[in-house]
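Reader: Please take one helix of this model and give me a close look at it and what follows it. Then work outward to the rest of its chain and to the contact with the other copy.

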Number of protein chains: 2
Amino acid sequence: MDLQRLEKPVFIVDPRKARRNLEIMAAKAASSGVAFRPHAKTHQSAAVAEWYRPFGIDRIAVSSLDMACYFQAAGWIDILIAVPVNLHQITAIDALAGSCSLQVLVESETAAARLAADISRPLGVWIEVDTGYHRTGLPIEHRDRIEAVARLLVRNPRLRLNGLLVHDGHTYGAAGREEVGAIFERTLGGLRAALEHLAARGFPGLRLSFGDTPSCSLMDSFPAPISEIRPGNFIFYDLTQAGIGACRTEDIAAAVACPVISVQPERNETILYGGAVHISKEFVLAEHGAACFGRVARLRPDHAGWTDALPGVAVVSLSQEQGIVRGPKEFVDAVRIGDTLVVLPVHACLTANLHGGLFVLGQGPVSKFRL
Amino acid sequence: MDLQRLEKPVFIVDPRKARRNLEIMAAKAASSGVAFRPHAKTHQSAAVAEWYRPFGIDRIAVSSLDMACYFQAAGWIDILIAVPVNLHQITAIDALAGSCSLQVLVESETAAARLAADISRPLGVWIEVDTGYHRTGLPIEHRDRIEAVARLLVRNPRLRLNGLLVHDGHTYGAAGREEVGAIFERTLGGLRAALEHLAARGFPGLRLSFGDTPSCSLMDSFPAPISEIRPGNFIFYDLTQAGIGACRTEDIAAAVACPVISVQPERNETILYGGAVHISKEFVLAEHGAACFGRVARLRPDHAGWTDALPGVAVVSLSQEQGIVRGPKEFVDAVRIGDTLVVLPVHACLTANLHGGLFVLGQGPVSKFRL
């Protein structure tokens, strides 16, 4: 593929940046003595997941049963479906548990009782707790309910209760190391108390699976009771993470390369063949309060990645297949119809999800899971 | 598929509502004596496009060359790619023009010159003009440039200059018949003047292709110089169109059915297996200014569609695979883990795009184009 003469938008990955992001996180996990279970929902690609292996990574998290089946078929053995169990997939979960070391999440007595009743093969289970994100999970202060779920699970000897799992998604509303660190300390305090309670009530030695890219990027170490970390987005990063301070813009390892189909110099705008179905409608707020659906860079020649994000240039509007890029006059004056522009994504996971495959610079197209 | 026991989120279509939406629009086109070219990007499905045929519809618009190839393979002959030509697809356009009556869009001298130089097979061309949306298109007041593009095109006898095409996307920022009507009148005035100018300069008899669902839904007739209408979204409609006043909430013919995986009564919330990758992050603002990513209904039994949108119940947050639904206590108290909830989409086109297929109530799964 000639990236300078694009027939259509393409999701591109700079493997050097991705591997460096991976290396930093793997080193931090190793120095803390915790296991590293990257969340593969970010790229959804067996080819990209192979980059994990040289770092000794032998376990992944995924966000759906179908995605677990995809990675199992690609040779992964230890797979955690990091979304609370859907009652109507328990039969299918039981089937997949026969061909890999599968782990699931529960956060209700209802789901725990159903798993205990219906699972016939060895299955690892984590109890999801909520320490402030307020999506799914048993509230961390509800120790009686957490204990009740644990008791329901251990009724079935094929279920292995691994411990507690938390995703501190509220770090996405924080800015910088200090705010994320405050959430981290509060979370650890709550989790320690909950694990002590469980130990005292007959469930000693439970582990803790800890998630979210902002915390894992900004914290220097992962003390007890954390036994594994589960970040996903860090391999690519994006403008949301840069806004939190979890990465620099130049660490972003994925982007969408788009051909220019129109130049509108009177409006200081250029229009991409590349819209909501290629980039996603996730946005960050720019300094002046307007929505920014992506920052813009130029391709470097010979698959050598892309330039720094161009100052003052942003995707300001997205329709289904087209995006409007606005920038300073000097930028627009230099853009020609047929040029390629590179859009750094606001949320790399959602952007990758839109594409049927990824193009790895210097390597070529690789396939990925599709919903 | 048992919609009451869902393994995963599914995009569902109520064919009675869709056919009624289609019938109303077809009748309006017929009574105005204009051709009707529905935009198939909304559903991207050959099976749904078959519903057009009983209304005598023999032409469609699509939003990419790949989508044109998909519908050509499904038996459509007269296909308009309603996005300005990408210079790097001209060879592929020329190839497809050999197997159907293909039409494309140009809005620059650059693209017109390249088409004139490189097209070897009969190809219809529309010049896109901008009457206020400010995405692509030659500004309607730039008559000299419009004429220059026309002159470039007719250099190549295989190019058939059909006329002008407009998409008044700024109607999406309007509310109600009066505001949309004002845009409509302004647009028609500008187009008449431009067509008169072109006629006087040697391009008589050019046609006008007119788009956008809000205008086509809210205007009662399509006077000259309109010769064809090109709405797409109207077949499904969505909360955006309901907000503009282009439809009623009960006209919405597509939705995402999602299983409930968590109930959080303390927060008056229930959590869906169904997130940004199933619903899309497009939102409307609710009365109190918060983002609403969908309204919520209950399934009726026996594939008889869904109830009216439940008052005060909305999808208030979406992560990759999960959505948070908030509603009154009585609603949350009645929801059980494992139930199915129906999410009415904010932007049906983007929601449909996320799915590999559609489930037509009373009929079953049908396939669709994928990016």
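Author: Helices here are DSSP runs of type H or I with at least four residues, strands are E runs of at least two, and both are numbered from the N terminus. The model is predicted. The helix chosen is H3 of chain B, and just after H3(B) comes Gly75(B), whose phi is positive at about 105 degrees.

H3(B) covers residues 65–73, and its buried residues are Leu65(B), Met67(B), Ala68(B), Tyr70(B) and Phe71(B). A residue counts as buried when 20 or more other C-beta atoms lie within 10 Å of its own. In an α-helix there are 3.6 residues a turn, so residues three or four places apart point the same way. The buried residues of H3(B) have two helices and three strands of chain B as packing partners: helix H2 (46–49), helix H4 (90–96), strand S3 (59–62), strand S4 (78–84) and strand S5 (101–106).

Further along chain B there is a helix pair to look at. Helix H5 (residues 109–118) and helix H6 (residues 143–153) of chain B pack with their axes 8 Å apart, at an angle of about 10 degrees. Angles under 35 degrees count as roughly parallel, and H5(B) and H6(B) are therefore roughly parallel to each other. On the H5(B) side the contact is made by Glu109(B), Ala112(B), Ala113(B), Leu115(B) and Ala116(B), which meet Ala148(B), Val149(B), Leu152(B) and Leu153(B) of H6(B). By class, this contact of H5(B) with H6(B) has eight nonpolar residues, no polar ones and one charged.

Two residues in other helices of chain B show opposite degrees of burial. Met25(B) sits in helix H1 (residues 15–32) and is buried, since 21 other C-beta atoms lie within 10 Å. Apart from neighbours within four places in sequence, Met25(B) contacts Phe36(B), Cys216(B), Pro231(B) and Phe234(B). Ser217(B), 192 residues from Met25(B) in sequence, is 7.3 Å away in space between C-alpha atoms. Ala199(B) belongs to helix H7 (residues 176–200) and counts as exposed, because it has 12 C-beta neighbours inside 10 Å. From Ala199(B) to Glu147(B) the separation is 52 residues along the chain and 10.0 Å between C-alpha atoms.

The loops of chain B hold some backbone exceptions. Asp212(B) is not a glycine, yet its phi is positive, at about 80 degrees. Asp212(B) lies in the loop between strand S9 (207–210) and H8, and it counts as buried because it has 28 C-beta neighbours inside 10 Å. His303(B), also not a glycine, has a positive phi of about 55 degrees. The loop that holds His303(B) runs between strand S15 (295–298) and strand S16 (314–318), and His303(B) is partly exposed because it has 17 other C-beta atoms within 10 Å. The bond from Ala224(B) to Pro225(B) is a cis peptide, with omega near 10 degrees; Pro225(B) is in the loop between helix H8 (213–218) and strand S10 (228–229) of chain B. In chain A, a cis peptide bond with omega of about 10 degrees joins Ala224(A) and Pro225(A).

The relation between the chains comes next. Chain A superposes on chain B by a rotation of 180 degrees with 0.0 Å of shift along its axis, at an RMSD of 0.0 Å. The two copies are thus related as by a two-fold rotation axis. Lys281(A) is the residue of chain A that comes closest to the rotation axis, with its C-alpha at 2.9 Å.

The contact between the chains draws 46 residues from chain A and 46 residues from chain B. On the side of chain A, the elements that give two or more residues are strands S4 (78–84), S11 (254–264), S12 (269–273) and S17 (322–326), and helices H5 (109–118), H10 (276–279) and H12 (348–353). The residues of that side comprise 18 nonpolar, 18 polar and 10 charged. Of the interface residues of chain A, 100% are also interface residues in chain B, so the copies meet through the same surface.

Last, the whole of chain A. Chain A contains 12 helices and 20 strands. Its radius of gyration is 22 Å, which agrees with the value near 21 Å for a compact globule with 371 residues. The C-alpha trace of chain A spans about 70 × 40 × 35 Å along its principal axes. Of the 371 residues of chain A, 57% count as buried. Among contacts in chain A with a separation of 6 or more, 65% come from residues 24 or more positions apart.

Notes: Residues numbered from 1 in each chain as written. Chains lettered and ligands numbered in written order. Predicted model: local features only at pLDDT ≥ 70, side-chain atom pairs only at ≥ 80, totals over all residues. Contact = placed C-beta atoms within 7 Å. Nonpolar A, V, L, I, M, F, W, Y, C, P; charged D, E, K, R; others polar. Least-squares fit on C-alpha atoms with pLDDT ≥ 70 in both. Axes fitted to C-alpha atoms, helices over the stretch in contact; angles between N-to-C directions. Parallel < 35°, antiparallel > 145°, perpendicular 65-115°, else oblique. Rg over C-alpha atoms; globule rule 2.2 N^0.38 Å.
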